[in-house]
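Take a moment to look over the structure below before reading on. The paragraphs that follow start at the ligand and then move to other parts of the chain.

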Amino acid sequence: MITFSPSAAVRRVEEASLRVQQPQSTGDMVSLAMGEPDFDTPEAIRTAAADALHSGYTHYSPLLGDPELRSAVTETVLARSAAASSHNEVLITHGGTGGLAASILAIVSPGDKVVIPDPTYSLYADLVNLAGGQCISVPLQDDLHWDLDALADALVGASLFVFCNPSNPTGIVHSAKELEVLADILHRSDTIVIADEAYSELVYGSEAFVSALDIPALAERTIYCQTFSKSYAMTGWRVGYLTGPREIIAACARVHNTANGSVNSAVQRAALVALTECSGEVAAMRAIYAQRRELMATELAKIPGLDVGVSDGAFYFFPKYSVDLPSVQVVAALRDHGVALRPGGEFGLHGEGHLRLSYAASDYAITEGVARLGRGLAALQ
Ligand SMILES: Cc1ncc(COP(=O)(O)O)c(C=O)c1O
(Lines give C-alpha, C1' and ligand atoms only; values in the text may rest on other atoms or scores of the structure.)
Protein backbone atom coordinates (compact mmCIF):
# COMPACT_ATOMS: atom_id res chain seq x y z
CA MET A 1 0.00 0.00 0.00
CA ILE A 2 1.22 3.51 -0.72
CA THR A 3 0.95 6.21 1.88
CA PHE A 4 -0.78 9.28 0.60
CA SER A 5 -1.33 12.69 2.02
CA PRO A 6 -3.24 15.28 0.02
CA SER A 7 -1.43 18.31 -1.39
CA ALA A 8 -0.86 21.38 0.78
CA ALA A 9 -3.57 23.15 -1.26
CA VAL A 10 -6.15 20.47 -0.46
CA ARG A 11 -5.15 20.46 3.20
CA ARG A 12 -5.57 24.24 3.39
CA VAL A 13 -9.10 23.94 2.01
CA GLU A 14 -10.03 21.00 4.21
CA GLU A 15 -8.74 22.65 7.36
CA ALA A 16 -10.54 25.95 6.79
CA SER A 17 -13.72 24.88 5.00
CA LEU A 18 -17.02 25.46 6.78
CA ARG A 19 -19.01 23.54 4.16
CA VAL A 20 -21.07 20.80 5.75
CA GLN A 21 -22.06 17.66 3.86
CA GLN A 22 -25.63 17.00 4.95
CA PRO A 23 -26.81 13.37 5.01
CA GLN A 24 -29.19 12.23 2.25
CA SER A 25 -32.80 12.89 3.12
CA THR A 26 -34.69 9.70 3.82
CA GLY A 27 -38.25 8.71 4.69
CA ASP A 28 -40.68 11.51 5.39
CA MET A 29 -38.05 14.27 5.45
CA VAL A 30 -39.15 17.62 4.02
CA SER A 31 -36.17 19.41 2.51
CA LEU A 32 -35.83 23.17 2.49
CA ALA A 33 -32.08 22.78 2.13
CA MET A 34 -31.77 22.91 -1.65
CA GLY A 35 -29.57 25.44 -3.39
CA GLU A 36 -31.09 24.76 -6.79
CA PRO A 37 -34.31 25.32 -8.71
CA ASP A 38 -36.86 22.51 -8.46
CA PHE A 39 -38.05 23.24 -12.03
CA ASP A 40 -36.96 21.25 -15.06
CA THR A 41 -34.85 23.09 -17.61
CA PRO A 42 -37.24 24.76 -20.12
CA GLU A 43 -38.14 22.62 -23.12
CA ALA A 44 -36.59 24.93 -25.74
CA ILE A 45 -33.19 24.61 -24.05
CA ARG A 46 -33.36 20.82 -23.86
CA THR A 47 -34.41 20.63 -27.50
CA ALA A 48 -31.54 22.91 -28.51
CA ALA A 49 -29.03 20.58 -26.81
CA ALA A 50 -30.47 17.52 -28.55
CA ASP A 51 -30.47 19.32 -31.92
CA ALA A 52 -26.87 20.41 -31.37
CA LEU A 53 -25.78 16.84 -30.71
CA HIS A 54 -27.57 15.65 -33.85
CA SER A 55 -26.01 18.35 -35.99
CA GLY A 56 -22.45 17.58 -34.99
CA TYR A 57 -21.60 19.70 -31.95
CA THR A 58 -19.60 16.81 -30.57
CA HIS A 59 -16.07 18.26 -30.87
CA TYR A 60 -13.94 20.62 -28.81
CA SER A 61 -15.17 24.20 -28.85
CA PRO A 62 -12.80 27.20 -29.00
CA LEU A 63 -11.13 27.68 -25.63
CA LEU A 64 -12.81 31.00 -24.84
CA GLY A 65 -16.15 29.47 -25.75
CA ASP A 66 -18.63 29.16 -28.64
CA PRO A 67 -18.27 32.38 -30.71
CA GLU A 68 -22.04 32.90 -31.06
CA LEU A 69 -22.62 32.40 -27.36
CA ARG A 70 -19.78 34.81 -26.54
CA SER A 71 -21.31 37.42 -28.88
CA ALA A 72 -24.72 36.95 -27.28
CA VAL A 73 -23.15 37.44 -23.84
CA THR A 74 -21.40 40.61 -25.02
CA GLU A 75 -24.66 41.96 -26.40
CA THR A 76 -26.54 41.08 -23.20
CA VAL A 77 -23.94 42.66 -20.96
CA LEU A 78 -23.52 45.76 -23.10
CA ALA A 79 -27.26 46.10 -23.58
CA ARG A 80 -27.77 46.21 -19.84
CA SER A 81 -24.97 48.62 -19.14
CA ALA A 82 -23.02 51.25 -21.06
CA ALA A 83 -20.73 51.33 -18.03
CA ALA A 84 -19.54 47.85 -18.94
CA SER A 85 -17.63 49.07 -22.01
CA SER A 86 -14.43 47.91 -20.28
CA HIS A 87 -15.95 44.41 -20.36
CA ASN A 88 -14.52 43.61 -23.73
CA GLU A 89 -13.75 39.95 -23.20
CA VAL A 90 -15.94 36.94 -22.43
CA LEU A 91 -14.93 33.49 -21.21
CA ILE A 92 -17.52 30.71 -21.19
CA THR A 93 -16.95 28.66 -18.04
CA HIS A 94 -17.79 25.36 -16.44
CA GLY A 95 -20.73 26.84 -14.50
CA GLY A 96 -20.42 29.60 -11.94
CA THR A 97 -18.07 27.37 -9.98
CA GLY A 98 -15.67 27.16 -12.95
CA GLY A 99 -15.80 30.93 -13.37
CA LEU A 100 -15.18 31.61 -9.69
CA ALA A 101 -12.32 29.12 -9.56
CA ALA A 102 -10.72 30.51 -12.73
CA SER A 103 -10.96 34.12 -11.56
CA ILE A 104 -9.85 33.59 -7.96
CA LEU A 105 -6.90 31.41 -8.99
CA ALA A 106 -5.98 33.91 -11.72
CA ILE A 107 -6.00 36.91 -9.40
CA VAL A 108 -4.81 35.62 -6.01
CA SER A 109 -1.16 34.79 -5.29
CA PRO A 110 -0.06 33.12 -2.04
CA GLY A 111 -0.35 35.58 0.85
CA ASP A 112 -2.63 38.02 -1.01
CA LYS A 113 -5.39 39.58 1.03
CA VAL A 114 -8.93 38.75 -0.15
CA VAL A 115 -11.93 40.37 1.52
CA ILE A 116 -15.28 38.57 1.67
CA PRO A 117 -18.47 39.40 3.55
CA ASP A 118 -19.40 37.08 6.41
CA PRO A 119 -21.68 35.20 5.95
CA THR A 120 -21.45 34.56 2.21
CA TYR A 121 -21.37 31.69 -0.30
CA SER A 122 -18.82 29.29 1.18
CA LEU A 123 -17.03 28.48 -2.08
CA TYR A 124 -15.22 31.85 -2.07
CA ALA A 125 -13.18 31.14 1.06
CA ASP A 126 -12.44 27.59 -0.12
CA LEU A 127 -11.05 28.92 -3.41
CA VAL A 128 -9.00 31.63 -1.71
CA ASN A 129 -7.50 28.95 0.52
CA LEU A 130 -6.82 26.75 -2.52
CA ALA A 131 -4.89 29.69 -4.01
CA GLY A 132 -2.98 30.22 -0.75
CA GLY A 133 -4.51 33.66 -0.22
CA GLN A 134 -5.44 35.16 3.09
CA CYS A 135 -9.18 35.42 3.65
CA ILE A 136 -10.38 38.50 5.55
CA SER A 137 -14.03 38.03 6.55
CA VAL A 138 -15.97 41.19 7.29
CA PRO A 139 -19.09 40.60 9.42
CA LEU A 140 -22.38 41.85 7.99
CA GLN A 141 -24.51 44.28 9.97
CA ASP A 142 -27.52 42.96 11.89
CA ASP A 143 -29.73 43.76 8.88
CA LEU A 144 -27.42 41.49 6.82
CA HIS A 145 -26.22 44.37 4.64
CA TRP A 146 -22.54 45.31 4.38
CA ASP A 147 -20.88 47.22 7.19
CA LEU A 148 -19.31 49.76 4.84
CA ASP A 149 -16.95 51.29 7.44
CA ALA A 150 -15.58 47.87 8.35
CA LEU A 151 -15.28 47.02 4.65
CA ALA A 152 -13.34 50.24 4.01
CA ASP A 153 -10.84 49.31 6.74
CA ALA A 154 -10.49 45.71 5.58
CA LEU A 155 -10.07 46.60 1.91
CA VAL A 156 -6.88 48.59 2.44
CA GLY A 157 -4.18 46.67 0.55
CA ALA A 158 -6.57 43.89 -0.56
CA SER A 159 -6.04 42.38 -3.99
CA LEU A 160 -9.62 41.18 -4.28
CA PHE A 161 -13.15 41.61 -2.95
CA VAL A 162 -15.67 38.85 -3.76
CA PHE A 163 -19.40 39.14 -3.19
CA CYS A 164 -22.71 37.81 -4.46
CA ASN A 165 -25.71 39.95 -5.20
CA PRO A 166 -28.44 38.85 -4.55
CA SER A 167 -26.82 37.05 -1.67
CA ASN A 168 -26.64 33.37 -0.93
CA PRO A 169 -27.34 32.68 1.97
CA THR A 170 -29.06 35.88 3.15
CA GLY A 171 -31.50 36.69 0.31
CA ILE A 172 -30.39 40.32 0.65
CA VAL A 173 -30.13 42.52 -2.46
CA HIS A 174 -27.43 45.18 -2.26
CA SER A 175 -28.58 48.59 -3.42
CA ALA A 176 -27.09 50.99 -5.97
CA LYS A 177 -26.05 53.17 -3.02
CA GLU A 178 -24.06 50.36 -1.39
CA LEU A 179 -22.35 49.57 -4.70
CA GLU A 180 -21.50 53.24 -5.21
CA VAL A 181 -19.95 53.48 -1.75
CA LEU A 182 -17.93 50.34 -2.53
CA ALA A 183 -16.70 51.99 -5.74
CA ASP A 184 -15.70 55.09 -3.74
CA ILE A 185 -13.85 52.99 -1.18
CA LEU A 186 -11.86 51.30 -3.95
CA HIS A 187 -11.17 54.48 -5.91
CA ARG A 188 -7.43 54.77 -6.70
CA SER A 189 -6.73 51.23 -5.44
CA ASP A 190 -5.75 48.23 -7.57
CA THR A 191 -8.28 46.00 -5.83
CA ILE A 192 -10.25 43.82 -8.23
CA VAL A 193 -13.88 42.94 -7.54
CA ILE A 194 -15.62 39.69 -8.44
CA ALA A 195 -19.38 40.31 -8.66
CA ASP A 196 -21.14 36.95 -8.59
CA GLU A 197 -24.65 37.71 -9.82
CA ALA A 198 -25.85 34.12 -10.11
CA TYR A 199 -29.31 35.11 -8.78
CA SER A 200 -29.69 38.44 -10.60
CA GLU A 201 -32.85 37.26 -12.41
CA LEU A 202 -34.45 36.28 -9.10
CA VAL A 203 -35.28 39.61 -7.50
CA TYR A 204 -38.75 40.33 -6.08
CA GLY A 205 -38.80 43.81 -4.59
CA SER A 206 -40.34 46.81 -6.32
CA GLU A 207 -36.93 48.29 -7.16
CA ALA A 208 -35.07 47.18 -10.29
CA PHE A 209 -31.94 45.16 -9.65
CA VAL A 210 -28.72 47.16 -9.99
CA SER A 211 -25.71 45.20 -11.21
CA ALA A 212 -22.10 46.04 -10.40
CA LEU A 213 -21.91 46.61 -14.16
CA ASP A 214 -24.37 49.51 -13.86
CA ILE A 215 -21.94 51.51 -11.70
CA PRO A 216 -19.18 52.84 -14.02
CA ALA A 217 -16.54 53.25 -11.31
CA LEU A 218 -17.14 49.68 -10.15
CA ALA A 219 -17.57 48.06 -13.59
CA GLU A 220 -14.05 48.97 -14.69
CA ARG A 221 -12.48 46.89 -11.89
CA THR A 222 -15.12 44.13 -11.83
CA ILE A 223 -15.01 40.58 -13.08
CA TYR A 224 -18.65 39.73 -13.63
CA CYS A 225 -19.44 36.08 -12.89
CA GLN A 226 -22.67 34.61 -14.21
CA THR A 227 -24.15 31.12 -14.46
CA PHE A 228 -27.11 29.59 -16.30
CA SER A 229 -27.74 27.34 -13.30
CA LYS A 230 -30.25 29.35 -11.29
CA SER A 231 -32.11 31.63 -13.76
CA TYR A 232 -32.73 28.88 -16.32
CA ALA A 233 -32.90 25.86 -13.95
CA MET A 234 -29.73 24.45 -15.54
CA THR A 235 -27.66 23.37 -12.52
CA GLY A 236 -26.70 20.04 -14.08
CA TRP A 237 -25.57 21.51 -17.39
CA ARG A 238 -22.49 23.23 -15.99
CA VAL A 239 -22.28 26.41 -18.01
CA GLY A 240 -21.69 30.04 -17.09
CA TYR A 241 -19.43 32.92 -18.07
CA LEU A 242 -17.06 35.62 -16.96
CA THR A 243 -16.77 39.07 -18.50
CA GLY A 244 -14.26 41.78 -17.74
CA PRO A 245 -11.23 43.70 -18.92
CA ARG A 246 -9.25 41.77 -21.53
CA GLU A 247 -6.03 41.19 -19.60
CA ILE A 248 -7.80 39.87 -16.48
CA ILE A 249 -10.04 37.54 -18.50
CA ALA A 250 -6.95 36.30 -20.38
CA ALA A 251 -5.48 35.25 -17.01
CA CYS A 252 -8.77 33.59 -16.02
CA ALA A 253 -8.83 31.76 -19.37
CA ARG A 254 -5.31 30.50 -18.67
CA VAL A 255 -6.55 28.84 -15.45
CA HIS A 256 -9.84 27.63 -16.92
CA ASN A 257 -8.18 26.13 -20.00
CA THR A 258 -5.51 24.49 -17.87
CA ALA A 259 -7.93 22.96 -15.40
CA ASN A 260 -11.04 22.33 -17.53
CA GLY A 261 -10.30 22.64 -21.23
CA SER A 262 -13.20 23.84 -23.34
CA VAL A 263 -16.82 23.65 -22.21
CA ASN A 264 -19.21 21.02 -23.64
CA SER A 265 -20.04 22.17 -27.20
CA ALA A 266 -23.70 21.11 -27.33
CA VAL A 267 -24.39 22.63 -23.92
CA GLN A 268 -23.10 25.97 -25.16
CA ARG A 269 -25.59 25.85 -28.07
CA ALA A 270 -28.35 25.24 -25.53
CA ALA A 271 -27.09 28.13 -23.40
CA LEU A 272 -27.32 30.36 -26.49
CA VAL A 273 -31.01 29.51 -26.80
CA ALA A 274 -31.49 30.15 -23.08
CA LEU A 275 -29.92 33.58 -23.31
CA THR A 276 -31.64 34.69 -26.48
CA GLU A 277 -35.07 33.01 -26.37
CA CYS A 278 -36.08 32.11 -22.83
CA SER A 279 -36.83 35.35 -20.98
CA GLY A 280 -40.52 34.31 -20.83
CA GLU A 281 -39.69 31.05 -19.04
CA VAL A 282 -37.43 32.91 -16.61
CA ALA A 283 -40.24 35.36 -15.83
CA ALA A 284 -42.68 32.49 -15.25
CA MET A 285 -40.35 30.77 -12.79
CA ARG A 286 -39.66 34.08 -11.04
CA ALA A 287 -43.41 34.62 -10.58
CA ILE A 288 -43.72 31.22 -8.88
CA TYR A 289 -40.74 31.88 -6.60
CA ALA A 290 -42.33 35.22 -5.70
CA GLN A 291 -45.53 33.44 -4.54
CA ARG A 292 -43.54 30.88 -2.58
CA ARG A 293 -41.56 33.66 -0.95
CA GLU A 294 -44.83 35.19 0.29
CA LEU A 295 -45.99 31.81 1.56
CA MET A 296 -42.73 31.14 3.39
CA ALA A 297 -42.72 34.65 4.94
CA THR A 298 -46.29 34.10 6.21
CA GLU A 299 -45.49 30.68 7.69
CA LEU A 300 -42.19 31.80 9.28
CA ALA A 301 -43.93 34.79 10.90
CA LYS A 302 -46.00 32.30 12.95
CA ILE A 303 -42.92 30.98 14.78
CA PRO A 304 -42.32 32.72 18.12
CA GLY A 305 -38.78 33.90 18.78
CA LEU A 306 -37.71 33.73 15.14
CA ASP A 307 -36.35 36.93 13.58
CA VAL A 308 -37.40 36.26 9.99
CA GLY A 309 -35.74 39.20 8.21
CA VAL A 310 -36.41 39.86 4.52
CA SER A 311 -35.70 37.96 1.34
CA ASP A 312 -35.48 40.34 -1.60
CA GLY A 313 -33.68 38.01 -3.96
CA ALA A 314 -32.38 34.50 -4.71
CA PHE A 315 -34.66 31.90 -3.07
CA TYR A 316 -33.51 32.01 0.52
CA PHE A 317 -34.64 33.23 3.93
CA PHE A 318 -31.95 33.48 6.60
CA PRO A 319 -33.87 33.79 9.89
CA LYS A 320 -32.19 34.21 13.25
CA TYR A 321 -33.29 31.80 15.98
CA SER A 322 -33.22 32.44 19.71
CA VAL A 323 -32.15 29.00 20.97
CA ASP A 324 -28.66 29.05 22.52
CA LEU A 325 -27.11 26.31 20.36
CA PRO A 326 -24.76 26.29 17.35
CA SER A 327 -26.57 26.16 14.02
CA VAL A 328 -25.12 22.72 13.12
CA GLN A 329 -26.70 21.26 16.26
CA VAL A 330 -30.00 23.00 15.61
CA VAL A 331 -30.06 21.63 12.05
CA ALA A 332 -29.27 18.13 13.34
CA ALA A 333 -32.09 18.34 15.89
CA LEU A 334 -34.51 19.66 13.26
CA ARG A 335 -33.80 16.64 11.08
CA ASP A 336 -35.30 14.55 13.88
CA HIS A 337 -38.43 16.66 13.46
CA GLY A 338 -38.49 15.83 9.74
CA VAL A 339 -37.12 19.00 8.13
CA ALA A 340 -33.75 19.54 6.42
CA LEU A 341 -32.24 23.04 6.43
CA ARG A 342 -28.73 24.42 6.20
CA PRO A 343 -26.84 25.79 9.21
CA GLY A 344 -25.99 29.50 9.03
CA GLY A 345 -22.51 28.77 10.36
CA GLU A 346 -21.66 27.01 7.11
CA PHE A 347 -21.54 30.41 5.41
CA GLY A 348 -19.19 32.11 7.88
CA LEU A 349 -18.73 32.44 11.61
CA HIS A 350 -21.13 35.39 11.66
CA GLY A 351 -23.81 33.25 10.06
CA GLU A 352 -24.05 31.46 13.41
CA GLY A 353 -27.46 31.73 15.04
CA HIS A 354 -29.14 31.63 11.63
CA LEU A 355 -30.71 28.94 9.45
CA ARG A 356 -30.93 29.00 5.66
CA LEU A 357 -34.27 27.98 4.19
CA SER A 358 -34.82 27.61 0.46
CA TYR A 359 -38.16 28.33 -1.17
CA ALA A 360 -37.15 26.52 -4.35
CA ALA A 361 -39.63 23.96 -3.02
CA SER A 362 -43.30 23.05 -3.39
CA ASP A 363 -46.04 24.86 -1.46
CA TYR A 364 -46.55 21.68 0.57
CA ALA A 365 -42.83 21.45 1.44
CA ILE A 366 -42.80 25.11 2.48
CA THR A 367 -45.90 24.88 4.67
CA GLU A 368 -45.08 21.53 6.23
CA GLY A 369 -41.32 22.20 6.50
CA VAL A 370 -41.82 25.52 8.30
CA ALA A 371 -44.42 23.93 10.63
CA ARG A 372 -41.84 21.25 11.53
CA LEU A 373 -39.23 23.96 12.06
CA GLY A 374 -41.61 25.66 14.48
CA ARG A 375 -42.23 22.45 16.42
CA GLY A 376 -38.51 21.61 16.42
CA LEU A 377 -37.47 25.03 17.75
CA ALA A 378 -40.19 24.89 20.41
CA ALA A 379 -38.84 21.53 21.57
CA LEU A 380 -35.33 22.99 21.83
CA GLN A 381 -36.39 25.99 23.95
C1 LIG B 1 -23.90 32.65 -5.17
C2 LIG B 1 -23.59 31.46 -6.00
N3 LIG B 1 -22.65 31.56 -6.95
C4 LIG B 1 -22.31 30.51 -7.71
C5 LIG B 1 -22.90 29.28 -7.53
C6 LIG B 1 -22.43 28.12 -8.37
O7 LIG B 1 -23.23 27.93 -9.45
P8 LIG B 1 -22.96 26.76 -10.52
O9 LIG B 1 -23.98 25.73 -10.30
O10 LIG B 1 -23.16 27.44 -11.83
O11 LIG B 1 -21.58 26.27 -10.36
C12 LIG B 1 -23.88 29.12 -6.54
C13 LIG B 1 -24.52 27.80 -6.32
O14 LIG B 1 -25.14 27.56 -5.31
C15 LIG B 1 -24.23 30.24 -5.76
O16 LIG B 1 -25.15 30.13 -4.80
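A polar contact is a pair of N or O atoms within 3.5 Å. With that cut-off in hand, the ligand can be taken up. The model is a predicted one. In it, an N or O atom in the side chain of Ser-229 is 2.8 Å from an oxygen atom of the ligand. Two more side chains can be described in this way. A polar side-chain atom of Lys-230 lies 2.6 Å from a ligand oxygen, and an N or O atom in the side chain of Arg-238 is 2.7 Å from an oxygen atom of the ligand. How much of the ligand does the protein bury? Taken alone, the ligand exposes 400 Å², and 92% of that is buried by the protein.

The next step is to look at the surroundings of the ligand as a whole. There are 15 residues around the ligand, and those that come nearest are Gly-96, Thr-97, Asp-196, Thr-227 and Lys-230. Sorted by kind, the shell around the ligand holds six nonpolar, six polar and three charged residues. Which helix gives the most to this shell? The answer is helix H4, residues 95–107, with four residues. As for the space that the ligand takes up, this is the largest pocket.

Thr-227, one of the residues that come nearest to the ligand, is found in strand E7. Is Thr-227 buried or exposed? A residue counts as buried under 20% relative accessible area. Thr-227 has 7% relative accessibility, so this residue counts as buried. Between the C-alpha atoms of Thr-227 and Lys-320 there are 29 Å, and the two residues are 93 apart along the chain.

Strand E7 leads on to a loop. Arg-238, already met at the ligand, has its place in the loop between E7 and E8. Its relative accessibility is 27%, so Arg-238 counts as partly exposed. The backbone of Arg-238 also deserves a look: this residue has a positive phi of about 65 degrees although it is not a glycine. Ala-233 lies in the loop between strand E7 (222–227) and strand E8 (240–244) as well. Here too phi is positive, at about 55 degrees, although Ala-233 is not a glycine. Ala-233 has a relative accessible area of 7% and is therefore buried.

Another backbone feature concerns the peptide bonds before two prolines. The bond from Asp-118 to Pro-119 is cis, with omega near 5 degrees. Pro-119 is found in the loop between strand E3 (113–118) and helix H5 (123–131). A cis peptide bond also joins Asn-165 and Pro-166, where omega is about -10 degrees. Where is Pro-166 placed? Its place is in the loop between E5 and H7.

That loop, between strand E5 (160–164) and helix H7 (176–186), also contains His-174. The relative accessible area of His-174 is 4%, so the residue is buried. What joins the side chains of His-174 and Trp-146? They are joined by a polar contact of 3.3 Å.

The remaining stops are residues picked out by their positions in sequence and in space. Arg-19 has its place in the loop between helix H1 (8–16) and strand E1 (30–31). At 40% relative accessibility, Arg-19 counts as partly exposed. Arg-19 and Tyr-121 are 102 residues apart in sequence, and their C-alpha atoms are 9.6 Å apart in space.

Glu-43 lies in helix H2, residues 43–54. A residue counts as exposed over 50% relative accessible area. Glu-43 has 53% relative accessibility and therefore counts as exposed. The C-alpha atoms of Glu-43 and Cys-164 are separated by 29 Å, with the residues 121 apart along the chain.

Finally, His-59 is placed in the loop between H2 and helix H3 (67–80). With a relative accessible area of 61%, His-59 is exposed. How many residues apart along the chain are His-59 and Ile-116? They are 57 residues apart, and their C-alpha atoms are separated by 38 Å.

How values were computed:
Residues numbered from 1 in each chain as written. Predicted model: local features only at pLDDT ≥ 70, side-chain atom pairs only at ≥ 80, totals over all residues. Heavy atoms only, no water. Near = heavy atom within 4 Å. Polar contact = N/O pair within 3.5 Å; in protein donor to acceptor, adjacent residues only side chain to side chain. Areas by Shrake-Rupley, 256 points an atom, 1.4 Å probe, with all protein chains shown as cover. 1 Å grid on protein atoms, 1.4 Å probe; cavity = no way out; pocket = protein on both sides within 12 Å on 5 of 7 lines; lining within 4 Å. Sits in = over half its atoms within 2 Å of the grid points. Helix = DSSP H or I, 4+ residues; strand = E, 2+ residues; numbered from the N terminus. Nonpolar A, V, L, I, M, F, W, Y, C, P; charged D, E, K, R; others polar. Buried < 20%, exposed > 50% of the residue type's maximum accessible area, 1.4 Å probe, protein only.
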